[in-house]
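Me: I'm new to reading protein models and would like a close look at one part of this one. Could you take me through the nonpolar core and what surrounds it?

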Amino acid sequence: MGFEKFLFYVFAAITVVAAGMVVTRRNPVQAVLYLVLAFVGSAALWLLIEAEFLGIVLVLVYVGAVMVLFLFVVMMLDIDIAALRSQFIKHLPLGLVIVAMMLLNLFLVLGPASFGLDAFPSPEPKPAGYSNTEVLGLDLYTVYRYQFEIAAVILLVAIVAAIRLTLRRRPETKYQDPGKQVRVRKGPDRIRVVSMPAESTPAPVMPAPHTEEESPS
């Protein structure tokens with residue numbers, strides 16, 4: 001077994017174990033940290049198949065930005081751990097059935113007949129000027145452009161749905177209406193001129209200057 005295959009088994013084992021810990025940890029902060037470890041192991045697997053761009057993007061975008069955001073959100077939320085534990089035990093049989101169905105689908109799609117070692121020969125080394133980023137961009141925006149547009153629309157719908165679900169009006173909170181701010185007028189809405197009679201104040205009395213008496217010579 002070569003060194004590359006050894007690295008594959010090591011990172012694959014780390015990814016699988018970390019993914020299992022994500023769904024079995026009762027502490028949400030620990031689950032997020034294990035998910036970060038799973039992403040790092042997946043990025044290492046991308047690097048082993050010479051997909052450097054995907055591996056770097058996985059680390060920078062998901063580990064460096066998305067998972068840090070998730071970690072801060074989980075730490076700031078007041079999560080009831082006891083309620084989560086009770087729901088975990090309650091829905092465990094249904095979860096095991098779904099896991100079995102997913103494993104069956106993965107075995108049928110990613111079985112040895114379709115993705116075995118005999119199906120794909122060992123790849124030839126790429127030339128010096130080869131750029132997998134350029135090839136990925138060309139395939140993404142030419143061959144798979146319709147799938148890319150459908151995925152963009154789905155993400156847009158998800159963003160709108162998330163904003164709609166989190167946009168709640170609370171009566172005790174004061175909100176600003178941008179429409180009213182735009183329609184405001186200069187005179188009656190902002191400044192009110194009040195006519196008041198002038199008050200006459202007496203002139204202040206200045207104290208007399210203090211002079212020192214000359215001493216007799």
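Reply: Let's start with the term itself. A nonpolar core is a set of buried Ala, Val, Leu, Ile, Met, Phe, Trp, Tyr and Cys residues joined through side-chain atoms within 4.5 Å. Buried here means under 20% relative accessible area. Keep in mind that what you're looking at is a predicted model.

With that in hand, here is the core you asked about. The largest one has 8 residues: Val-32, Phe-39, Ala-43, Leu-58, Val-63, Met-67, Leu-71 and Val-74. Two helices, H2 (28-48) and H3 (52-76), each supply at least two of these residues. H3 gives the largest share, with 5 residues. As for the general idea behind such a group, nonpolar side chains tend to be buried together in soluble globular proteins.

Val-32 is a good place to zoom in. Leaving out residues up to four places away in sequence, Val-32 touches Met-67, Leu-71 and Val-74. Each of those three partners is listed in the core as well, so try finding them one by one on your screen.

Now look at a couple of residues around that group. Val-68 sits in helix H3. Its C-alpha is 8.9 Å from that of Val-32, although the two are 36 residues apart in sequence. Is Val-68 buried, exposed or partly exposed? It is partly exposed, because its relative accessible area is 34%, and partly exposed covers the range between the 20% and 50% cut-offs.

Leu-35 makes a nice companion case, this time in helix H2. At 27% relative accessibility, Leu-35 also counts as partly exposed. Which residues does Leu-35 contact, once neighbours within four places in sequence are set aside? They are Val-22 and Met-67, and Met-67 is one of the core residues. You can also check a distance here: the C-alpha atoms of Leu-35 and Val-63 are separated by 8.8 Å, with their positions 28 residues apart along the chain.

Next, slide over to helix H1 (residues 3-24), where you'll find Thr-15. With a relative accessible area of 13%, Thr-15 is buried, since the cut-off for that label is under 20%. Thr-15 touches Ala-38, Gly-41, Ser-42 and Leu-45, again not counting residues up to four places away in sequence. Another residue of helix H1 is Gly-20. Gly-20 is partly exposed, at 28% relative accessible area. From its C-alpha to that of Tyr-34 is 8.8 Å, and the two are 14 residues apart along the chain.

H3 has another partner to follow. Two packed helices are described by the angle between their axes and the distance between the axes. For H3 and H7, the angle is about 85° and the axes are 8 Å apart. That makes H3 roughly perpendicular to H7, because angles from 65 to 115 degrees get that label. On the H3 side, the contact is made by Glu-52, Phe-53 and Leu-54, while H7 brings Asn-132, Thr-133 and Leu-136. Sorted by class, those residues divide into 3 nonpolar, 2 polar and 1 charged.

From there you can hop on to the next pair. Helix H7 (residues 132-143) packs with helix H8 (residues 145-166) at about 80°, and their axes are 5 Å apart. H7 and H8 are therefore roughly perpendicular to each other. Here Leu-140, Tyr-141, Thr-142 and Val-143 in H7 meet Arg-145, Gln-147 and Phe-148 in H8. By class, that contact has 4 nonpolar, 2 polar and 1 charged residues.

Finally, zoom out to place all this in the whole chain. There are 9 helices and 0 strands, so from the N terminus on the elements run α-α-α-α-α-α-α-α-α. The chain has 217 residues, and 11% of them count as buried. It exposes about 19,400 Å², with carbon and sulfur atoms supplying 68% of that area. One more number for your notes: among contacts between residues at least 6 apart in sequence, 55% join residues at least 24 apart.

Methods
Residues are numbered from 1 along each chain as its sequence is written. This is a predicted model: local features need pLDDT of at least 70, side-chain atom pairs count only at pLDDT 80 or more; totals for chains, interfaces and linings use all residues. Side-chain values use heavy atoms; hydrogens and water are left out. Helices (H or I, at least four residues) and strands (E, at least two) are DSSP runs, numbered from the N terminus. Buried means under 20% relative accessible area, exposed over 50%, partly exposed in between (1.4 Å probe, protein chains only). Contact means heavy atoms within 4.5 Å. Accessible areas come from the Shrake-Rupley method with a 1.4 Å probe; for residues, only the protein chains shown count as cover. Axes are lines fitted to C-alpha atoms, for helices over the stretch in contact, and angles run from 0 to 180 degrees between N-to-C directions. Angles under 35 degrees count as roughly parallel, over 145 as roughly antiparallel, 65 to 115 as roughly perpendicular and the rest as oblique. Ala, Val, Leu, Ile, Met, Phe, Trp, Tyr, Cys and Pro count as nonpolar, Asp, Glu, Lys and Arg as charged, and the others, Gly among them, as polar.
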